[in-house]
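Grab a coffee and open the viewer. Here are some short exercises, each with a worked solution to check yourself against.

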Amino acid sequence: MNDEGYRAAWKALDLLEDWLTTGYSRPHPDLVLEKTGSREPAAAGAPAAVPDRAAQLADLTSEVSACVKCGLAANRNTTVPGEGSLDPEVLFIGEGPGAEEDRTGRPFVGAAGKYLDTWLPPIGLVREQCFIANCVKCRPPQNREPHPDEIGACLPYLARQIAILKPRIICCLGRIAAQTVLRTTASLGELRGRIHRLPLELQQPDGEAIPVVVTYHPSAVLRDKATLRKPVWDDLKLLKSLLAK
Ligand code: SF4
């Protein structure tokens with residue numbers, strides 16, 4: 001999408017926000033499209049600054065594909081390790097693969113993934129600038145929540161992905177992802193709306209403290225847009241403010 005497309009999408013979201021909050025249109029400043037450092041959309045091949053990330057991720061993908069460390073291995077069709085930029089602006093983390101992801105091996109390709117894609121242009125991103133992963137790499141049966149032991153067994157893979165990719169920002173999609181990444185039992189309502197720092201257990205010893213923001217899972221928003229669209233928009237604005245730094 002070009003700059004005009006971003007501005008049109010931004011204006012539409014401003015109008016929606018006005019309608020949800022006040023019922024009428026209010027004046028808004030024009031969208032300023034910041035250039036976010038050197039992390040442009042990925043061209044073919046790995047960025048020059050990260051020549052070994054592709055190899056490290058390939059090793060991880062290979063390990064995940066053979067993994068039987070928890071019971072989710074029994075019912076999967078394929079593993080879904082995650083995919084995206086090797087030098088991501090944002091690492092989006094969801095809960096676990098759904099049916100479409102289990103069929104294709106790719107994260108967020110169903111209805112929720114398509115909806116997530118629409119969140120990106122208004123904050124100046126395209127999917128190719130992001131990496132998308134889940135807390136568990138195998139589909140829980142009937143899309144149930146992954147159990148704590150399953151999350152615990154799979155968490156080292158996510159920790160390695162964070163260490164390899166060194167994302168500028170992490171965005172947790174939904175309660176399970178937020179609680180897993182932030183190592184807390186606090187509710188989503190308590191966690192969203194502010195900037196967290198990646199807990200020490202998930203950081204590299206020499207790594208920077210990666211900022212973490214939390215919002216609702218796109219699936220939840222699709223089920224209740226009237227309630228959740230406004231808080232998600234607030235969270236995306238918070239994410240955009242971090243991208244602009
Ligand atoms: S969910 Fe994770 S830990 Fe469990 S079998 Fe799949 S890859 Fe292994």
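Buried residues make up 36% of the 245 residues in the protein chain. Keep in mind that this is a predicted model.

**Exercise 1. Get your bearings: how many helices and strands does the protein chain have?**

Solution. Step one, count the elements: there are nine helices and six strands in the protein chain. Step two, look at the contacts with a separation of 6 or more: 74% of them link residues 24 or more positions apart.

**Exercise 2. Take strand β4 and work out whether its residues are buried or exposed.**

Solution. Start with the range: β4 covers residues 169-173, and five of its five residues are buried. Next, sort the residues by direction. Ile169, Cys171 and Leu173 point one way, while Ile170 and Cys172 point the other way. Both groups are buried.

**Exercise 3. Find the strands that pair with β4, and say whether the pairing is parallel or antiparallel.**

Solution. Take β2 to begin with, residues 90-94: this strand pairs with β4 in the parallel sense, over four bridges. For a concrete pair, pick phenylalanine 92, whose bridge partner in β4 is cysteine 171. Now go to β6, residues 211-215. The pairing of β6 with β4 is parallel too, again over four bridges. Here you can use isoleucine 170, which has valine 212 as its bridge partner in β6. Put together, β4 pairs with β2 and with β6.

**Exercise 4. Describe the shell around the ligand: how many residues surround it, and of which classes?**

Solution. First the count: 14 residues surround the ligand, and the closest are Cys67, Cys70, Ala73, Cys138 and Cys154. Then split the shell by class, which gives 10 nonpolar, one polar and three charged residues. Last, ask where the shell residues come from. Helix α5, residues 148-165, supplies the largest share, with three residues.

**Exercise 5. Why does glycine 96 count as buried?**

Solution. Locate the residue: glycine 96 sits in the loop between β2 and α3 (99-104). Now count neighbours. Glycine 96 has 25 other C-beta atoms within 10 Å, and the cut-off for buried is 20 or more, so glycine 96 counts as buried. Who are its contacts? Leaving out residues up to four places away in sequence, glycine 96 touches Asn134, Cys135, Val136, Arg139, Pro140 and Pro146. Finish with one distance: glycine 96 and proline 146 are 50 residues apart in sequence, yet 7.3 Å apart in space, C-alpha to C-alpha.

Terms used: Residues numbered from 1 in each chain as written. Predicted model: local features only at pLDDT ≥ 70, side-chain atom pairs only at ≥ 80, totals over all residues. Buried ≥ 20, exposed ≤ 12 C-beta atoms within 10 Å, placed from the backbone. Helix = DSSP H or I, 4+ residues; strand = E, 2+ residues; numbered from the N terminus. Pairing = 2+ DSSP bridges. Contact = placed C-beta atoms within 7 Å. Near = placed C-beta within 6 Å. Nonpolar A, V, L, I, M, F, W, Y, C, P; charged D, E, K, R; others polar.
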